[in-house]
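The following paragraphs offer a guided reading of a protein model, proceeding from the whole chain to its interior, its helices, its loops and its surface. The reader is invited to keep the sequence and the coordinates in view throughout.

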Amino acid sequence: MIELYISQNKNTTSQAYGKYYPRVSYKQTMGIHEMAVHMAEHNTPFSEGTIEGILRDFVKCVREQTLNGNTVKVDNLAIFKVSVIGNGCAELYDADTDKTISASIGHLAKTDKTGPAVASLKLLAQATGEYTREELNKDGRLAWTDKAAAEILAAKNAANGSQGGSPSGGSDSGSGGSQSQGGSQSGQQGGENSQNTPSNSENSEGFALTITTSGSGSASITKDGNAVASGAELSEDDEVEISITPAEGQVPTATLNGSSIELTESDGVYSGNFAMPGQASTLVINTGAADDDGFDKD
């Protein structure tokens, strides 16, 4: 079951200011070791160590094959491939500098007409089989966390003028479980991982956000209406807004830790947002990337 908590957009410059959005309350991060332990419990003849070794070798082989220019399809999960973020050279050859466009990674100076064609590489993942959006929508089961259920109930009571209607024990007591689908299960499943439904006021630890931009368009990154610079420390679940005016005729892209951020276009300006993960992260924005790779940008 996927448990959801509620986040309100507090960016006063955003068209979505004041609106409420669901966010996934992730219970834990399962690495290769944890997955090997889990798989070994499924009546397999292989030991945890054998499974872990196979998974680690598989990861290495996926990296090797994608860097060789191949796509790797993991049936009923995802198709992986390496793509590029281009620099957008003005010329194939600049006679003044005797330089040609090169199949290399680097950055162009403002005065450069040509040079490295690629700003950076990125890994793309396209859902396939049972992991396509349609299949996930069929099989996914959702429920509010106890805290979210309590917030919804409090809003209802406030609107009805009810006094003392909020659940006793606050958001951590689990008494709001009856308001959510599978509320009792969420209390059990959350268990020791209840700390994974944070609020900004509860989380004082900062995580650095590295921002890389390329292309000839422009982009702004803000939190609560204030500009966010590369290297800024943000708290987990801080709402970060992105606004991009791309190069003419181009479609911009934005990725966070290699995962695409959905962008919405309005009057030639693309906007999107994300909740800051509980870790140091890298935001990559290309203001002039043609959207022609055919991959699902979710």
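What share of the residues in the protein chain is buried? In this predicted model, buried residues account for 31% of the 298 residues in the protein chain. The chain contains five helices and 19 strands. Among its contacts with a separation of 6 or more, 60% are between residues 24 or more positions apart. The exposed area of the chain is about 18,000 Å², of which carbon and sulfur atoms supply 48%.

The interior may be considered next. In soluble globular proteins, nonpolar side chains tend to be buried together. The largest nonpolar core here has 18 residues, and the members that touch the most others are L209, I221, I242, I261, F274, L283 and I285. At least two residues of this core come from each of the strands β10 (206-214), β14 (239-245), β15 (253-256), β18 (269-275) and β19 (281-286). A second core, separate from that one, has five residues, including V62, V72, A78 and F80.

Helix α2 comprises residues 48-67. I51 belongs to this helix and is buried, its relative accessible area being 8%. Because buried means under 20% relative accessible area, I51 falls within that class. Leaving aside residues up to four places away in sequence, I51 touches A36, M39, A40, T44 and F46. The C-alpha atom of I51 is separated by 8.8 Å from that of H33, although the two residues are 18 positions apart along the chain.

Helix α2 also holds one of the salt bridges, of which a search of the whole structure finds four. R56 pairs with E52, and their closest N and O atoms are 3.0 Å apart. Why are R56 and E52 separated by about one helical turn? The two residues are four positions apart in helix α2, which means that about one turn lies between them. An α-helix has 3.6 residues a turn, so residues three or four places apart point the same way. The partners differ in exposure class: R56 is partly exposed at 41% relative accessible area, whereas E52 is buried at 18%.

A related arrangement occurs in helix α3 (residues 133-139), where E135 and K138 are three residues apart and hence separated by about one helical turn. These residues form a salt bridge whose closest N and O atoms are 3.3 Å apart. E135 is partly exposed, with 25% relative accessibility, and K138 is exposed, with 62%.

Helix α4 (residues 146-159) permits a check of helical geometry. At 1.5 Å a residue, its 14 residues should span 20 Å, and the C-alpha atoms at its ends are indeed 20 Å apart. The buried residues in α4 are D146, K147, A148, A149, A150, L153 and N157. After α4 comes G161, with a positive phi near 70 degrees.

Positive phi values also occur in loops. Most residues other than glycine have a negative phi, and most peptide bonds are trans. N43 is not a glycine, yet its phi is positive, near 55 degrees. N43 lies in the loop between α1 (32-40) and α2 and is exposed, at 78% relative accessibility. D224, likewise not a glycine, has a positive phi of about 55 degrees. D224 is located in the loop between β11 (218-223) and β12 (226-227) and is partly exposed, with a relative accessible area of 38%. The side chain of D224 also takes part in a salt bridge with that of K223, at 3.1 Å from N to O.

Another loop, between α2 and β3 (72-74), contains G69. G69 is exposed, at 65% relative accessibility. The C-alpha atoms of G69 and K81 are 7.6 Å apart, while the residues themselves are twelve positions apart along the chain.

The surface completes this reading. I2, V24, Y26 and L142 together make a nonpolar surface patch of about 370 Å². Of these residues, V24 is placed in strand β2 (residues 20-24) and counts as partly exposed, with a relative accessibility of 30%.

Key:
Residues are numbered from 1 along each chain as its sequence is written. This is a predicted model: local features need pLDDT of at least 70, side-chain atom pairs count only at pLDDT 80 or more; totals for chains, interfaces and linings use all residues. Side-chain values use heavy atoms; hydrogens and water are left out. Patches are made of residues with over 30% relative accessible area and no salt bridge: like charges are joined within 9 Å, nonpolar side chains (Val, Leu, Ile, Met, Phe, Trp, Tyr) within 5 Å. Accessible areas come from the Shrake-Rupley method with a 1.4 Å probe; for residues, only the protein chains shown count as cover. Buried means under 20% relative accessible area, exposed over 50%, partly exposed in between (1.4 Å probe, protein chains only). Contact means heavy atoms within 4.5 Å. The expected span of a helix is 1.5 Å times one less than its number of residues. A nonpolar core is a set of buried Ala, Val, Leu, Ile, Met, Phe, Trp, Tyr and Cys residues joined through side-chain atoms within 4.5 Å.
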